Amino acid sequence: MDRIERAYGWLLRAYPASFRSEYEMEMRTTFRDQLRDARASEDAGAVPVVVARAFVDLLTTAPVQHLRKERLVSQPVDPAAVAVGGAARRSRIFVALTALPFVLWVVLSVLAPGFVDPVYQNPPAIAGLPFGIVILAGSLLLAGLGVLVAYRARSDFVALLAFLLLSVPVMAAIILLPAIILIVQNLAV
Amino acid sequence: MSTSPPLSSAALHILVAIGPDERHGYAIMRQVEAITDGAIRLAPGTLYTTIKRLLETGLIEELDERPDPGLDDERRRYYRLTPGGRAVVAAEIHRLDRLTAAARPWAAGGRT
């Protein structure tokens, strides 16, 4: 097995375990067949095209398999059994990751109060409400939503999505918020 | 007239590629490429996720693993259409025929 085949085999981990147990060997064999034929052709670009197509194909089909698995397990016959099963599948690591925005805000508030002060001190107002606090509250609500989604997720993939799509943007917003407040204040002067 | 929803493009091409024969995954890939003149080249992900769905819906069935004498000694899983799969393909062809007939007068420059 050469490096390309090994790399493809490693990338197949993006698919759910249940799907891999059924089709991983066939997918590896088929990919190897494609590479063999590409190498046998006289086209120097054939191998990169096969690799690129397989990679893009993996990016588009693996998430769908996870979502199909989510849909299939969303109609429990025995809620208690599924609750236990869901807890078993949920990764504590991803749930902890989604709580990072809260940790970040607390750490910044304790270790760098000067950094976060602009959020509280004379912020510009939105409809009478403090701008910085509104944005902060909204961000932390989104972070809380991420924690909830990760906690209730039945697969690590969904928990990871919650972290990437909710927690990471919130952390970026928390870090940038004081600077944004200062910029807005300066523009208002 | 069929009341089943249209198949996805990948599913239809896979069913047509299998046809009356028994084919393994890579042979299905090559057949799809052949019948579309290279316009459609399936990758393993699309191929096997679609095969999984076709198996679940009973349109194809799995056969015993055996090597392909034209390739190597690797044992490969073969697939063939079920009677239900053949019926779905027939219905899909009928649907596409109607679509083609509706479009031909103006899409082909008015030629019949």
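**Close-up views of the chain A and chain B interface**

**View 1. Salt bridges and polar contacts between the chains.** Across the interface of chain A and chain B in this predicted model, the rule finds 3 salt bridges. In one salt bridge, the side chains of A:Asp33 and B:Arg76 meet at 2.5 Å, N to O. Between chain A and chain B, 10 residue pairs are in polar contact, with both residues at pLDDT 80 or more.

**View 2. The side of chain A that touches chain B.** Two elements of chain A, helix H2 (17-40) and helix H3 (46-72), give two or more residues to the side that touches chain B, and H2(A) gives the most, with 13 residues. By class, this side of chain A has 7 nonpolar, 5 polar and 9 charged residues. In the interface as a whole, 21 residues of chain A are in contact with 23 residues of chain B, and the area buried between the two chains is about 1900 Å², of which carbon and sulfur atoms give 50%.

**View 3. The largest nonpolar core.** This core has 36 residues, and those with the most contacts inside it include A:Met27, B:Ile28, B:Tyr48 and B:Tyr79. At least two residues of the core come from each of H2 and H3 of chain A, and likewise from each of helix H1 (9-18), helix H2 (25-35), helix H3 (44-56), strand S3 (75-81) and helix H4 (83-107) of chain B.

**View 4. The surroundings of A:Met27.** Leaving aside residues up to four places away in sequence, A:Met27 touches A:Tyr8, A:Leu12, A:Tyr15 and A:Phe19 as well as B:Pro44, B:Gly45 and B:Tyr48.

**View 5. A second core.** Separate from the largest core, a second core of 11 residues includes A:Leu108, A:Val116, A:Phe131 and A:Leu136.

Technical notes: Residues numbered from 1 in each chain as written. Chains lettered and ligands numbered in written order. Predicted model: local features only at pLDDT ≥ 70, side-chain atom pairs only at ≥ 80, totals over all residues. Heavy atoms only, no water. Contact = heavy atoms within 4.5 Å. Buried area = accessible area lost by both parts, 1.4 Å probe. Salt bridge = Lys/Arg side-chain N within 4 Å of Asp/Glu carboxyl O. Polar contact = N/O pair within 3.5 Å; in protein donor to acceptor, adjacent residues only side chain to side chain. Helix = DSSP H or I, 4+ residues; strand = E, 2+ residues; numbered from the N terminus. Nonpolar A, V, L, I, M, F, W, Y, C, P; charged D, E, K, R; others polar. Core = buried A, V, L, I, M, F, W, Y, C linked by side-chain atoms within 4.5 Å. Buried < 20%, exposed > 50% of the residue type's maximum accessible area, 1.4 Å probe, protein only.
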